[in-house]
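Subject: Structure for you to look at

Hello,

Here is the structure I said I would pass on. Please open it beside this email; my notes follow below.

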Amino acid sequence: MTTDTSTILTSDAGGLGRIELNRPKLINALSLDMVAGIDDALRGWYDDDGVAFVLVTGRGDRGLCAGGDIKAVYTDIVDGSDENARFWNREYRMNAAIAEYPKPYVVVMNGITMGGGVGISAHGSHRIVTDSTKVGMPETGIGLFPDVGGTYLLARAPGELGTHLALTGTAVGPGAAIALGLADHYVPEDDIADLITDLESGGDLETVIARYTAEPPENELAEAAAWIDDCYRGDDAEAIVAALAAHVSPEANAAAELILTKAPTSVKVTLATLRSAATKTLPEVLEQDYRIAVEMTGRPDLKEGIRAQVIDKDRNPQWSPATLAAVDAATVAGILTAEQTEKVFS
């Protein structure tokens, strides 16, 4: 059976449940109908003996998924609707369903796989990266934070590599994605089509994936791990930036400068959320993500960040407050503990 909702295509045949994201011009940016469709498909196959595993891919050659549709987020903020809250609530439930899925969940993380794209991929059981893969959580650059359970994943990366990615929004390639625990297998780009064909033909999942898996490219963060671990320790964002700025490595200095271009409130909220995520379950993190996302929607930085990046494209956001020092601990604590009447898991 095949279902076409235009933005996603789903089908099930030969033991395979197939989900294709179908907004290639927008790098498959997620909308509410897309996350609802994915969630519904997964739940429909949950007890279906005719579906042995799920395969998720994105149409187009630019990437699996660029994240949420932030132009739609901007429009909803301007309109003052509750659509963003509805989107995040359904998206986070979908993220949890992926992580807890009782059947193998295979996803091809080609090209741009960022933000919400990480949420539909990195919580899966069989995560495949390829030559073009770029994985990242760039939310501090638009006045948000690494949601979709991103801090849960990054808090469990080796050393302080996850902290570096979370605060800077840096995207990494296939080698680093595997080293950080965000992916499992590397398959060369030229072999992806044959891999999918073999999976569709009903071949044994583990055998097929093993047939195409190759030695991954070098982890581009391997040499930087030493200064990253040195500089990103602790819970004080200003101290982290100071350590990076004072380090002998030019890469560390550049990281300090990069963090200072991000929304200060987002940087501090991200660091606090990342540290708390280390001791939480994924559902607990996603529930916290929902509280934070709804709370930050009502603050000026998210609207301003999206305006600067994709509406006016001047790349010159005016953050409020404008500096890390101006964001006090009480503000961060208030954002993390803000209560919402709606729950993700109830």
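On one side of helix α9 in this predicted model, Ala-210 and Arg-211 are exposed. On the other side the picture is reversed: Leu-205, Val-208, Ile-209 and Tyr-212 are the buried residues of α9, which runs over residues 205–212. Looking down the axis of α9, you will find these buried residues within an arc of 95°, so they line one face of the helix. The general rule is that an α-helix has 3.6 residues a turn, so residues three or four places apart point the same way.

What do the buried residues of α9 pack against? Their partners are the strands β4 (51–58), β5 (105–109), β7 (126–129) and β9 (185–186), together with helix α8 (192–200).

Next, Lys-134. Lys-134 belongs to strand β8, residues 134–136. Its relative accessible area is 39%, so Lys-134 is partly exposed, the class between the cut-offs of 20% and 50%. Leaving aside residues up to four places away in sequence, Lys-134 touches Gly-111, Ile-112, Thr-113 and Met-114, and also Ala-171, Val-172 and Gly-173. Gly-63 is 71 residues away from Lys-134 in sequence, yet their C-alpha atoms are 8.4 Å apart in space.

Last, the cysteines. How many disulfides does the structure hold? The count is 0. Cys-65 has a relative accessible area of 0% and is therefore buried. Cys-231 is at 4% relative accessibility, so Cys-231 counts as buried; the cut-off for buried is under 20%.

Regards

Note on methods
Residues are numbered from 1 along each chain as its sequence is written. This is a predicted model: local features need pLDDT of at least 70, side-chain atom pairs count only at pLDDT 80 or more; totals for chains, interfaces and linings use all residues. Side-chain values use heavy atoms; hydrogens and water are left out. Buried means under 20% relative accessible area, exposed over 50%, partly exposed in between (1.4 Å probe, protein chains only). Helices (H or I, at least four residues) and strands (E, at least two) are DSSP runs, numbered from the N terminus. The arc is that of the directions from the helix axis to the C-beta atoms. Contact means heavy atoms within 4.5 Å. A disulfide is a pair of cysteine sulfur atoms within 2.5 Å.
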